[in-house]
Amino acid sequence: MLDENNANAHDIILEAFLEPEILEIFTPVVYGSLHMLKQESTRLQIRYNALIVGNASQADPDALNFVDINGRNAVEVVKREFEADLLDAFVVMPMSREVTNQLRNAVIPNPVVKRQENDIKAIPLMCTNQLRVAYVVAGNNETSGITAESIENKARILHSTLRRDLRQDNPRVAILSLNPEIKPDENSIEIQVIAPAVSKLVNTGIPVFGPYAYADFFETGKHLSFDAVLTMTREQAQAPFLSMYEGNGIVLAAGIAPLVVSPVKLDGDNNATVDSCREAIYTCIDVYRSRYFFDLPYVNPLPKLYHERREDGEKVRFAVKKHPVDGEQKEEDATISPNEEIADGNSNSEDKN
């Protein structure tokens, strides 16, 4: 999905789909400005080979399909396409706050497992080849939102995203401090809020570690020992992410049913790169397949073969009956009363005499 007023987004699409082999792994449907696409194609002298369609139902699997959204709300168009089960996932080029907020409010059902609307809220998960990092609150002025509940909620979403979307069987998550150093102060937020949240998460079976001091965590390479890192503020997450950014960073909207991936904008302007666009496309495909195969076993679970006593109060544990005649008969034969033992003992002694 493109911003109809952003020429750079249309440039990236033209360059990303220069190689026709990319169409072999998925069917692209681009929502953007046809006028802007033609204008940038002429400026860059790149001939666009796009099929103009009215909606995703008319898409050709072997072509770059283009839907003109001039004068229309792109988010509403995409939402209707999702609700009609015409799309599986989408990439936002580039991600803007306005579009992101609209996407978070767009309730789109998962095609495999139905999830409740207010189950979880999306958090941006910034990913590179060396780092996956998320944050609890957006700004440094919002530290009042750093509570044990918010940390637990974000950590659970991050853990679930690593397992369901990124195929990490037993992900390890590091939680960092708010202050650069952890001081032995009983009134500090690290001891009062973050440490209890970490302990509660560990007790519920979620492998989180911390809190670690933010000051030297990334410089010493400690992040390489974890599958993801959870910081307290967005600035704490963006600083190491941009320092490790190599042109192929992406942002995954974690914790929502619609699969939304965005290439990272370059620092200082509103542009993205072709490499980050391709990385976002490939990540989107991988995450969709991972979600499908992760959710598939939960669609039709096997029924229980027995009833627990604590559930229905039955005396018999197993619903399937055994062979009662043979079993009971053997138990009766094996049971000897005390009188019979005494009688047998007397007879044996008499025989010996």
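The following dialogue concerns how certain descriptions of this predicted model are justified.

The model is predicted, local features need pLDDT of at least 70, side-chain atom pairs count only at pLDDT 80 or more, and totals for chains, interfaces and linings use all residues. Residues are numbered from 1 along each chain as its sequence is written, and side-chain values use heavy atoms, with hydrogens and water left out.

Reader: What is the mean pLDDT of the protein?

Author: The mean is 79, and 75% of the residues reach 70 or more; pLDDT is the predictor's confidence in each residue, from 0 to 100. Over residues 107-120 the pLDDT is below 50. Where pLDDT is low, the predicted coordinates should not be read in detail.

Reader: How do you know what span is expected of helix α6?

Author: Helices are DSSP runs (H or I, at least four residues), numbered from the N terminus. The expected span is 1.5 Å times one less than the number of residues. Helix α6 has 15 residues, so 21 Å is expected, and its C-alpha span of 20 Å is close to that value.

Reader: Where does α6 bend?

Author: The bend, about 30 degrees, lies at alanine 195, and proline 196 follows within four residues. This angle is taken between axes fitted to the seven residues ending there and the seven starting there.

Reader: Why are the buried residues of α2 said to lie on the same side?

Author: Buried means under 20% relative accessible area, exposed over 50%, and partly exposed in between (1.4 Å probe, protein chains only). In α2, Leu34, Met36, Leu37, Glu40 and Ser41 are buried. They lie on the same side because they cover an arc of only 155 degrees around the axis, judged by directions from the helix axis to the C-beta atoms. On the other side, His35, Thr42 and Arg43 are exposed.

Key:
Contact = heavy atoms within 4.5 Å. Helix = DSSP H or I, 4+ residues; strand = E, 2+ residues; numbered from the N terminus.
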